[in-house]
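Subject: Structure handover

Hello,

Here is the structure I said I would pass on. My notes on it follow below the display.

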Amino acid sequence: RRARSSCRRRRRYSWGAKEIASMLRVNNTLKALFLSGNQIATDGVMVLAEALAANKCLKKLSLANTPLEQEGTRAIANALRVNSCLKGLDLRSCRISPEGSRHLAEALKHPGIVLKELDLGDNPLGLDGLGHITEALKYNCSIKILNLGCLHLAEEGARLLAEALSENTSIEHLTLWRHPCHLTLTVCKLGPEGAKHLAKALTTNHALRCLELFSNDIEDTGAEAFAKALQSNTALRRFDCDGNKIGNQGGVAIAAALAVNNTLTAVNCSGNKISHDGLGALAAALECNTTILELVIDGAPTGEGLLIRERVAANVKRHKGGALSLLLAHHPRTGAGSSAAVLPHDVLVAIARLFFNEKL
């Protein structure tokens, strides 16, 4: 009975996919289609891919949590070769195997591909599959946003990615963490050595604008490597090293980079082990930095923390229109802690005075 029920369920999902595919062949207005979590069977994916190849208007497609396996991945890859309008493709948690990633990689090398956003997070690519993708990125000129979250890159995977970034000229946003919507490198287990490889790539890459490294355990060694790269990098606008076990040593190194870097506009150092010395160095760096518009740090309730907050608040005032966004929290992503809870009343009053330029 269970087998028959499963068979009927698979037929129903495939039938629904076939109906959608028929619509895609003739529709000329639909711009986005989200089919995440619908457990579409392989034959349903195949007909969807055929329709995608013929469709001339769809800009974004999400098949997240759809078990594509090898056949489905190959069908989607073949569609990408001929589709001339799809800009965003979400393939998170689609069980893409190393062999399936080879098909995707071949499509990414195709000169006519127009895809700009690709999410491959949380797939069992393995080092072989990652090697296929990173090799393709050396040739691809269209991808601008790439998510490789939860792939467990480790040092060897980071090395492959770094080599690709050294040659790639199009990727602007790289995320290595599991972003709920969209390069993300979250929870990829880069470690300090993997961070060194990626940091080295930043010295030659001139396209990447956003690098998110949430929870990759890069520690002080990795932070120092990135800080050294940021002293000469002139492309990156946002650097997120949230939750990476970075201590004062790494915090001081990042501060030294901010003192000379004049292109970064947003830095997230929260969720680390940076205390008074590191936070003090960051505050001091802001005295001469004129481009940072957003700084996320952990709250420090007393002592030297008060002076740090006053310096940061003074920097807020110097920026035109109060453009600097000062976020004070224990851990913004997890929601733990509250800026109001850790900042004394007199500091909040001082910040308010600077913003509104009046006595309270």
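A residue counts as buried when its relative accessible area is under 20%. Asn140 has a relative accessibility of 2%, so Asn140 is buried. Please keep in mind throughout that this is a predicted model.

Asn140

Asn140 sits in the loop that joins α5 (126–137) to β5 (145–147). Its side chain reaches the backbone oxygen of Leu108 at 2.9 Å. Leu108 is also among the contacts of Asn140 once neighbours within four places in sequence are left aside, together with Ile113, Asn168 and Ser170.

The chain as a whole

The protein chain holds 13 helices and 11 strands. It has 360 residues, and 51% of them count as buried. The accessible surface of the chain is about 15,700 Å², and carbon and sulfur atoms account for 53% of that area.

I also looked at cysteines. The search of the whole structure for disulfides returned zero. Cys94 has a relative accessible area of 0% and is buried, whereas Cys288 is partly exposed at 47%.

The core

Which residues have the most contacts inside the largest nonpolar core? They are Leu176, Phe226 and Phe239, in a core of 89 residues. Phe226 and Phe239 are also in contact with each other. Leaving aside neighbours within four places in sequence, the other contacts of Phe226 are Ala195, Leu198, Ala199, Leu202, Leu211, Leu213 and Ile218.

Helix α9

Helix α9 covers residues 248–260, which is 13 residues. At 1.5 Å a residue the expected span is 18 Å, and the end C-alpha atoms are 19 Å apart, so the two values agree. The buried residues of this helix are Gly250, Gly251, Ala253, Ile254, Ala255, Ala257 and Leu258. What do they pack against? Their partners are two helices, α8 (219–230) and α10 (276–285), and two strands, β8 (238–240) and β9 (266–268).

A general point helps when reading that list of buried positions. An α-helix has 3.6 residues a turn, so residues three or four places apart point the same way.

Asn244

Asn244 is in the loop between β8 and α9. Is Asn244 buried or exposed? With a relative accessibility of 0%, Asn244 is buried, because the limit is 20%. Its side chain reaches two backbone oxygens, that of Cys241 at 3.1 Å and that of Asp242 at 3.1 Å. Not counting residues up to four places away in sequence, Asn244 touches Leu213, Phe214, Ser215, Asn216, Asp217, Ile218, Glu219, Gly271 and Asn272. For one of these, Asp217, the C-alpha atom lies 4.3 Å from that of Asn244, although the two residues are 27 apart in sequence.

His206

His206 is placed in the loop between α7 (191–202) and β7 (210–212). Its relative accessible area is 59%, so His206 is exposed, the limit for that being over 50%. The side chain of His206 reaches the backbone oxygen of Thr204 at 3.2 Å. His206 and Asn233 are 27 residues apart in sequence, and their C-alpha atoms are 7.7 Å apart in space.

That is the end of my notes.

Regards

Note on methods. Residues are numbered from 1 along each chain as its sequence is written. This is a predicted model: local features need pLDDT of at least 70, side-chain atom pairs count only at pLDDT 80 or more; totals for chains, interfaces and linings use all residues. Side-chain values use heavy atoms; hydrogens and water are left out. Helices (H or I, at least four residues) and strands (E, at least two) are DSSP runs, numbered from the N terminus. Buried means under 20% relative accessible area, exposed over 50%, partly exposed in between (1.4 Å probe, protein chains only). Accessible areas come from the Shrake-Rupley method with a 1.4 Å probe; for residues, only the protein chains shown count as cover. A disulfide is a pair of cysteine sulfur atoms within 2.5 Å. The expected span of a helix is 1.5 Å times one less than its number of residues. Contact means heavy atoms within 4.5 Å. A polar contact is a pair of N or O atoms within 3.5 Å; within protein, one must be able to donate a hydrogen and the other to accept it, and residues adjacent in sequence count only if both atoms are side-chain atoms. A nonpolar core is a set of buried Ala, Val, Leu, Ile, Met, Phe, Trp, Tyr and Cys residues joined through side-chain atoms within 4.5 Å.
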